[in-house]
Amino acid sequence: MKYLLLIITIILLVACVEHPSNVTKVGIQPKIYPDYIGVTIPSEIAPMNFSLEEENVECIEVTVKGVNGGEIHTNGEWADFDIEDWHNLTRQNIGATLKFSVVAKIEGKWKQYDTFEMYVSERPMSDYGVTYRRIAPGFETFSNIGIYQRCLANFEEYAILESRAVDGGCMNCHYSNRGNPDQFSLHIRGKHGCTILRNEDGDKYVDTKTKETVGSCTYGYWHPGGRYCAYSLNRIYQNFYVGPDKIIEPWDAVSDIAVLDTKTNELIMSSATSTKDFETTPAFSADGKTLYFCKAQYRDMPAGYDKVCYSLCSITFDEEHGRMGDSVSVIIDVEKIKKSLSLPRPSFDGRWLMYCLSDYGTTPLNRMESDLYIMDIQTGETRLMDEVNSREADAYHNWSSGANGWFLFGSKREDHIYSLLYFACVDETGHSTKPFLMPQRNPKKYYRDNLHSFNAPDFTAKKVELDVIQTRARVMSESREQVKVKH
Amino acid sequence: MNHIREYSPYLMLFVFASAVAVFYSKLPGLLAFHEMYQFFLLTSTYFIEKISVAGGLSDYIAEFIVQFFYHPKLGALLLALLYTAQSASIYILIKSNTDEWYMRLLKMCLSLTPAILVIAFMSDENMMVSYPVALTLALCAVPLLKHYIRSVVSLVLIVAIASPLLYMMLGPVAIVSIVISIATNEKVEQKLLSVSGFLLYFVLLIVVLSRTFFVQYPSESLFIGVGYYRQPTSFPSQLYFIPLYIIAVLLSDKLFRIVKKTIIPYLFVVIIVLGTIAITGISKTYESEKYTAMQYISMVRQAQWQEIIELSKREAPRSELSKQCVMLALAKCGQLGEQMFKYNLNRVEDIFDTFKMDCVSATPSAEVAYHLALINTCFRYYFDSQEAIPNGNKSAHMTMRMAECLMVNGKYDAARKYIERLKHTIYYSDWAEEASASLSDEKIDINPVWGEMRRLRFKTENFFFYPQLDTELGLLAIESEGRNTLAWDYFCATMLLKGDLQKFVGIYHYASEMFHQRHIPLHYQEAILLFWSFGHSNTDGLPYPVSQEVVARLTHFINKIKQNQNYWKNVPASYWTYYMSIQQRNQHQGNTGTTPEQRGNEREG
């Protein structure tokens, strides 16, 4: 309904259609928002619409020419390309450059800027789109949060589940299995709390709290086989800063790692991953034989909050017998460099492992200094992704399901408060292209009006289908399958 | 005389409108409360966002009206006009040109009753103005619908088209428009069948909408109304009682035909009696501490410190919300240490409360934090309060305060986002323009308000831990090197409220010079003397210049207490009476400590 009304309004509005005359060359590239100058894009991406950063722009005319041929134009308040024309142009120029020529009318005078370029990657982004939780980045209360999906080939966003549908219940990260929405996990919190698990057997509504575990299933990651899902079991607290730069400090009082057998609803525990120390954010390797996770030495909390530094560890996983190994290997011991590692994410081709480093703690998006790093799994070499990071928090990265080097991540680089979604692509050497902000029809207006963070983003290979009415009925029914610990 | 009779219904309507305006002008806090929990934007995007929800047009118009509640007198006038329009719409529908004057007057009395009932129900602060707006618009639509319903075909067409349109614009009260248009339409022959058919169609329409456009909304809210009540999961009975009552009033035409002229005087007596009962009843529904608290909060927002103190002399604050406002006013006027214990304080929460998970409780605390220059705490309280507004609305006032916090902290990009939104309002746009021109360190530093807050705020990164509020305030006061006198006052007040005399006297001795406190406030003198009396029999050697009058009072107090342990309960309030009350309370309850894990707020991962 909202979109219908929006379309009607757009049709009714008289568009700015002026044509340049008496044009003056200014000899510099335009400052555009979002900063798409020099970015590399997949050919499937929605039009990279933009505005000039200046506020007093009356009209802009943009011409895009492909080196391999093709040309499109747009003229209006902002560069708003036709979706079909855009895709024709990008498909025609895969592996080549698009040259953008911008003429703008500012305070009654037309200015011609130097051209800038975008490069159309030869690597396809095969996903349908992305999923994320849209949430106001608050502290203890949240209203109208929801899990959404966005088609990356156009600007359409759909709600998968909003909190109003489940009587305002908070909902947490939607984890799919390598972008496959036929296998996902979604937590509902509060009065009607449960975890919705979808796999080939259908949807289950499970209660993951048990007397024998330290907390509910929290951060999840599916095994590639689809039967198992690893979770951290956390009891999370948070404190609030008084100083000018830091805001909030979530910390774990206790945390362990377990693997949920979604067939039997059994939690597979190991004495090696259920220790007094803190273990969290698990992730299976591409072949499913290794379970990565972060581990920090136990500290008395919250007194020791700024001394909790997580190392990257791993433990073997036997899919056939549903068993974790007995010993933990330390892959990156960050105690030595006094940093904290979080959110290990192996690429699906088994080549790379991306993670965050921050001064301490386990929630990098709350840490301004959090940066993305990449490790070559074969050689163990790691490097800071300078070409991607910003002076604000960069975290919550995930790989495209197509194992093509594309990845996304959240960053607060715009304003320190709101986390937005960026995309980039890693090449054979582990270096990344310049990241670009998720395109929107009118990005300047969209992101200026936006009051949500794009939280826990991930790719989805195809559109997520969820029957909201049935989900509501089952969530409200409070009939749950109880998870139990496997002995 | 004939003229008076002729115009008596309109005279009555005018008297009603005036009474409503006067009535609401006495409730400025309630009007400010409504204004505080919305963020009406004069943008096309906001209009589209609003009207894309069932009942969205009435929500939009209501918010447009409520923004003017920023000036409560204007708000009272607008509400009077709204209820007058509602009553006049009913009157137009039930009056007849052939009516005698007394019959018209009688019908006007009846026409006023729905508005009176709505006003009574609106004493629930969660009832949204959208509801009377929707009712009024629904009534206004009736003549138009009746005009076009001339045959069975037009009836079917009008019902088929108008039902979804009116539902989308007004919400479920659209039912009133169509039922009345059919039931009072002389051109419709089979009224019962037609109304039944419409009702069936209306229910089906909502079911279809709930499974197509509004799948994320619980179907109950689509049937009862999405925007009529602030709590989206609550459906108070008045929401469906009022439309039924209005329909009953509009269908009461046949009753008027049996009214004989001879019983008219009796009827008017009955009306006067019922009217008096109604007015008394309404007054009672609005007599509550919550309205006093709302008034205090609205005055804090306007920084009316002296007015708050004056009000507190007439209406003593009873709730924590009210007490926090009065204590802030006292502190801003330099009277906290002189007068705070004259109010019935019970605990630290009476001057600065911890965050509670609702949109109302934290407002006074957030304002206290703002004035203390506890910037992050103010930001957090307001951010979470805004997120706790049950209907998902934002708040212009809260956004303004959050923008200020971000500006003081130098987070200009985030502040700009909020300021840009505020530019699209009527009452906050001037402020937003001023703020927009101040988004740099140089400009903030020389700004008399924000620059001073920047100098007074915390510079170090520590956790804010409410159970140790006195320590937090002490650090804040001392970090400012004597500039943040409000923090110093609150620090002392918190220690006194905790009954920690040893800490108070020790720190006072060390830090009072830093705050240039030559005169010792009355309550501090009382506390110092009380502590001194624990180890001394007279004031010889007391290192503070306390008043001899206070010494004499304490001596008298101690002597009386020795004679009667409950003496303190019947004497004028002082720090000593407060101290006795907490001693007694601690004896009954015992002190509870906090475990290490409680030193943070638990959240679900």
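**Two chains in a predicted model: contacts, strands and helices**

Visitor: What makes up the contact between the two chains?

Guide: In this predicted model, 49 residues of chain B and 52 residues of chain A take part in the contact. On the chain B side, α3 (44-51), α20 (375-387), α22 (412-422), β1 (463-464) and β2 (601-603) each supply at least two residues. The largest share comes from α20(B), with six residues. By class, the side of chain B that touches chain A holds 18 nonpolar, 15 polar and 16 charged residues.

Visitor: How do you know that β18 (228-241) of chain A and β1(B) pair?

Guide: Two strands count as a pair if at least two bridges are found between them. Strand β18(A) and β1(B) are joined by two bridges, so they meet that condition. Their sense is antiparallel. Phe240(A) stands opposite Phe464(B) of β1(B).

Visitor: Why are α9 (174-183) and α12 (238-250) of chain B called roughly parallel?

Guide: The axes of α9(B) and α12(B) cross at roughly 20°. Angles under 35 degrees count as roughly parallel, and the two helices are therefore roughly parallel to each other. Their axes come within 10 Å, and the crossing is right-handed.

Visitor: Which residues make the contact of α9(B) with α12(B)?

Guide: From α9(B) come Ile175(B), Val176(B), Val179(B) and Ile180(B), while α12(B) contributes Pro243(B), Ile246(B), Ile247(B) and Leu250(B).

Visitor: How do you know to which class the residues of this contact belong?

Guide: Val, Leu, Ile and Pro are among the residues that count as nonpolar. The contact of α9(B) with α12(B) therefore divides into eight nonpolar, no polar and no charged residues.

Visitor: What makes β13 (171-177) and β35 (481-482) of chain A edge strands?

Guide: Each of them pairs on one side only. They belong to an open sheet of five strands in chain A, in the order β13-β14-β15-β16-β35, with mixed pairing. Within this sheet, β13(A) runs antiparallel to β14 (180-188) of chain A, with five bridges between them. Asn177(A) stands opposite Asn180(A) of β14(A).

Visitor: How do you know which strands pair with β7 (97-106) of chain A?

Guide: The requirement is again at least two bridges. Strand β5 (57-66) of chain A shares nine bridges with β7(A), in the antiparallel sense, and Val62(A) stands opposite Val102(A) of β7(A). Strand β9 (116-120) of chain A is joined to β7(A) by four bridges, also antiparallel, with Phe100(A) opposite Phe116(A) of β9(A). Strand β8 (109-112) of chain A is joined to β7(A) by four bridges and runs antiparallel to it, with Lys105(A) opposite Trp110(A) of β8(A).

Visitor: What lies between β7(A) and β8(A) in their hairpin?

Guide: Two residues lie between these strands, and Glu107(A) in the turn has a positive phi of about 50°.

Visitor: How many residues of each domain of chain A are in contact with the other domain?

Guide: Chain A is divided into domain 1 (2-19 + 28-120) and domain 2 (129-477). In their contact, 19 residues of domain 1 of chain A meet 16 residues of domain 2 of chain A. The residues on the domain 1 side divide into 13 nonpolar, four polar and two charged. The centres of the two domains, taken over C-alpha atoms, are 34 Å apart.

Technical notes
Residues are numbered from 1 along each chain as its sequence is written. Chains are lettered from A and ligands numbered from 1 in the order in which they are written. This is a predicted model: local features need pLDDT of at least 70, side-chain atom pairs count only at pLDDT 80 or more; totals for chains, interfaces and linings use all residues. Two residues are in contact if their C-beta atoms, placed from the backbone, lie within 7 Å. Domain bounds come from an automatic or database domain assignment. Axes are lines fitted to C-alpha atoms, for helices over the stretch in contact, and angles run from 0 to 180 degrees between N-to-C directions. Angles under 35 degrees count as roughly parallel, over 145 as roughly antiparallel, 65 to 115 as roughly perpendicular and the rest as oblique. A crossing is left-handed if the near helix is turned anticlockwise from the far one by less than a right angle, and right-handed if clockwise.
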